[in-house]
Amino acid sequence: MTDPIVFYYNPMSRGRIVHWMLEEVGAPYRVELLDMEKNEHKRPAYLAINPMGKVPAIIHRGVTVTETAAICAYLADAFPAAGLAPALDDPARGTYLRWLFFGAGCFEPALVDQMLNRPQPERRGALGYGSYQDTLNALEQAIKPGPFILGDRFSAADVYIGSQIGWGTMTKALEPRPSFQAYTARYTDRPAFKRFNAAAAKMMQQK
Ligand SMILES: N[C@@H](CCC(=O)N[C@@H](CS)C(=O)NCC(=O)O)C(=O)O
């Protein structure tokens, strides 16, 4: 039995994605809540863990992992019994990695730029995501056949992409499309999603 995963968390952050992922893998974890209003994420003790002073981070088997998408990929591989990542020799791994990286490299920045009303630069091609509309259209191709990105098989790519869709819908950075709504109804029905969501709500109340 290994030590529990240490999870540096604030329930009003991208850490929610990792919280859901931890509930999906079912591995023991211990939460270290960081009060961002008190700038606890900028204190030396936490900067020693994540020099960016950003949440979330995990420590597992003595190794620190930051970057939400990397944490999702790491947990899926570290706990294969949960079945959240195709095996190394499974061709579906290509699709899985494609959309996981698309989530972090294209979808997230497109949503954030939209939320912040950032003006589009002249050289749009220099943006990794090209344009907001192209990004949404591409993403729709990934989720529309359904029920999940790998078809019948739910994976860590759905945890990451689904969370971004949820966040984009909440902040209105994501234009509502029936395919996004249908996908959301599928992933929010998962027991692990419901467990994480209830636990996160409780943590926010206790604050
Ligand atoms: N690239 C990081 C981004 C993490 C991030 O920006 N977290 C935000 C909360 S959602 C944060 O800690 N912001 C506090 C700050 O930068 O001061 C990831 O994917 O985990």
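**View 1. Strands β3 and β4 pair up in the antiparallel sense.** In this predicted model, residues 57-60 make up β3 and residues 63-66 make up β4, with four bridges holding the pairing on record between them. Look across from A57 and you'll find T66 of β4 standing opposite. Two residues sit between the strands of this hairpin, and R61 takes a positive phi near 50° there.

**View 2. Here's the ligand in its pocket, the largest one.** Ten names are worth labelling around the ligand: S13, R14, M36, H41, K42, K54, V55, P56, E67 and T68. Sort that shell by class and you get four charged, three polar and three nonpolar residues.

**View 3. Zoom in on the ligand's oxygen atoms and their contacts with K54, V55 and T68.** K54 brings in its side chain, with a polar atom 2.7 Å from a ligand oxygen. V55 uses its backbone instead: an N or O atom there lies 2.9 Å from an oxygen atom of the ligand. For T68 it's the side chain again, where an N or O atom is 2.7 Å from a ligand oxygen. As for how covered the ligand is, on its own it exposes 510 Å², and the protein buries 76% of that.

**View 4. One more look at K54, V55 and P56, picked out from the ligand's surroundings.** These three are among the residues around the ligand, and A57, where β3 starts, stands opposite T66. On the β4 side, the strand ends at residue 66, while E67 and T68 are also among the residues around the ligand.

Note on methods. Residues are numbered from 1 along each chain as its sequence is written. This is a predicted model: local features need pLDDT of at least 70, side-chain atom pairs count only at pLDDT 80 or more; totals for chains, interfaces and linings use all residues. Side-chain values use heavy atoms; hydrogens and water are left out. Two strands pair if DSSP finds at least two bridges between them. A residue is near a molecule or strand if one of its heavy atoms lies within 4 Å of it. A polar contact is a pair of N or O atoms within 3.5 Å; within protein, one must be able to donate a hydrogen and the other to accept it, and residues adjacent in sequence count only if both atoms are side-chain atoms. Accessible areas come from the Shrake-Rupley method with a 1.4 Å probe; for residues, only the protein chains shown count as cover. On a 1 Å grid over the protein atoms alone, a cavity is a set of points where a 1.4 Å probe fits but cannot get out, and a pocket is an open set with protein on both sides within 12 Å along at least five of seven lines; lining residues have an atom within 4 Å of a point. A molecule sits in a cavity or pocket if more than half of its atoms lie within 2 Å of its grid points. Ala, Val, Leu, Ile, Met, Phe, Trp, Tyr, Cys and Pro count as nonpolar, Asp, Glu, Lys and Arg as charged, and the others, Gly among them, as polar.
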